[in-house]
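Thanks for making the time this morning. I would like to talk about aromatic rings and what sits beside them, so let me put the structure up before going any further.

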Amino acid sequence: MEPVIIIGAGPSGLAAAYELSKNNVPVVVIERLSQVGGLSRTIHRNKTRFDVGPHRFFTQNREIHQLWVDILKDDLLSVPRLTRIFYNNKFFYYPLVPMNALFGIGPIAAVGIVSSYLSTQIQQKFSPQKTVSFEDWVVAQFGRRLFEIFFKTYTEKVWGIPCTQIGADWAGQRIKGLSLWTAVMNSVFKPKSGIIKTLVEEFVFPRLGAGMFYELMGKHAEQNGGKFLLNKNVTGFRHEGSKVRSVLMQNEEGKTEEIEGSAFLFSSPLSDGVIGFDPAPPAEIIEAARRLRYRSHIGVDLEVEGNPFPDNWIYVHAKEVNLARVANYRNFSKEMASNDSKTPITVEYFTFKGDHIWNRQDEELIELAKEELLKMNILQPEQVVDSFIVRNEKAYPVIEIGYEKNLEALKQYIARFDNLQPIGRSGMFKYNNMDHAIMTGLLAARNILGNSYDVWSVNIDADYHEAGDALQERQTQL
Ligand SMILES: Cc1cc2nc3c(=O)[nH]c(=O)nc-3n(C[C@H](O)[C@H](O)[C@H](O)COP(=O)(O)OP(=O)(O)OC[C@H]3O[C@@H](n4cnc5c(N)ncnc54)[C@H](O)[C@@H]3O)c2cc1C
């Protein structure tokens, strides 16, 4: 029997390989990098471990949670949560704590926030505006002043486009149901539901970094007969009628190889996949693929003396610096540090490939990160004992106004192949977290095993009872 070919050994591809190999279906996973885990991998550097930015394990889906428990067993830690926003040279607890926010912002600004919220509510009542962009959506829920303080700068750092160009449906997906009123009420009157409280105050995490879970999942698949081809970059799909027959891949020396399969799952970017079809798709499909944009991520990974801050990560809303977030892995698990006196951190920049941040040399980026941390009074440059750069292209699908039309065209095109399924975040061009990505891999595998799940509905159908604080959580879990 020809194997199922899975492109990408990230959470979605690994979940599919795990599920299929467990059911005795032969699988071959093709991965461009030299290790598994995708964006959720852990990079081992001497005795220190770095993730690709903070990767909190968070799900409302019981099956996924159980999978984490079953695979990690005692290696699944419960981690206390502390995250703050850095704005105006001050730290604000996130989720917001009213007195801390009030003292930080000051009473005059607080009155400004409330009056801006009330005037938006009155305006909405008497002349409702159409909600098209992320900005429209947030202003309608929170008022313009709060949008400017807590949403605009960080969101624009992350996405690289004005909030007026980001689709309102992104906000709807991430923070639906929340308004200034519910946010204040939830932080004053703590939600009674145990699960929401737990999500705010602690989360689960693998002892040796996010990637530990995915390395173990890959081992299970290998033990069940799954094959992994690392350092191979898939460049195209050959198809005939309604079937994909094979994929083309390049090895490290640039030599092209071809592998045939019975069914194909891909978690590599949807647009790359479609552009690599042979015979080529119609010109309008290639054009639609080119119009879907992805944002890239640069992690400046620093090993530093001491522990510079108590948070798991800090959101940096300050305009004065380019960095958007800084993660501290010692505060996820002390075993990610090489010893008690050192801390691994990642300073995170969000970029478009080829822009003024992306084009900087590694050394320049390291200097930039040191300068910006000094400016924020978080770290002295001489505390840095080791540093390196991790670049991830196409880390975030950009949910900009009008993207749906292009995505729909690609979905329709892909649907003509009955043995091909896109999975995961980049493959489905969905702003997915790990739990969603895993779920798409599991369901796509189950479709091969004879079921008929609508994998595209995972984001919508997943059991996220997003209310209260848990809602605020998801909003900035980028
Ligand atoms: C900075 C950051 C922080 C995040 N924080 C969280 C968090 O706190 N909690 C959470 O749940 N999620 C978080 N996420 C999201 C999480 O990383 C993703 O949802 C998850 O990794 C998606 O899994 P995936 O399998 O769909 O894709 P990926 O992880 O992107 O894996 C795809 C794999 O395919 C490979 N590939 C791509 N193209 C090719 C090709 N042509 N040939 C061969 N291989 C290829 C890639 O190298 C990669 O290994 C975060 C993401 C980022 C970037």
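Let me begin with a question: the charged end of which residue sits over the ring of tryptophan 456? It is lysine 411, whose charged end lies 4.5 Å from the centre of that ring. Please keep in mind that this is a predicted model. A second case of this kind involves arginine 391, which lies over the face of tryptophan 358 at 5.2 Å from the ring centre.

Turning from charges to ring pairs, the structure holds 31 aromatic pairs. One of them is formed by phenylalanine 57 and tyrosine 214, with 6.4 Å from centre to centre and 35 degrees between the planes, and this pair is tilted. The pair links distant parts of the chain, since phenylalanine 57 belongs to the loop between strand E4 (48-51) and helix H2 (62-72), whereas tyrosine 214 belongs to helix H10 (residues 210-223), and the two are 157 residues apart. As for accessibility, phenylalanine 57 counts as buried because its relative accessibility is 2%, and tyrosine 214 counts as buried because its value is 0%.

Let me set another pair beside that one, namely tryptophan 313 and tyrosine 315, whose ring centres are 6.2 Å apart. The planes of these two rings stand at 85 degrees, and because an angle over 60 degrees counts as edge-to-face, the pair is assigned to that class. Tryptophan 313 is buried, with a relative accessible area of 3%, and tyrosine 315 also counts as buried, at 2% relative accessibility.

Note on methods
Residues are numbered from 1 along each chain as its sequence is written. This is a predicted model: local features need pLDDT of at least 70, side-chain atom pairs count only at pLDDT 80 or more; totals for chains, interfaces and linings use all residues. Side-chain values use heavy atoms; hydrogens and water are left out. Rings of Phe, Tyr and Trp (its six-membered ring) pair if their centres lie within 6.5 Å; planes under 30 degrees apart count as stacked, over 60 as edge-to-face and the rest as tilted. Helices (H or I, at least four residues) and strands (E, at least two) are DSSP runs, numbered from the N terminus. Buried means under 20% relative accessible area, exposed over 50%, partly exposed in between (1.4 Å probe, protein chains only). A charge sits over a ring if NZ of Lys or CZ of Arg is within 6 Å of the ring centre and within 35 degrees of the ring normal.
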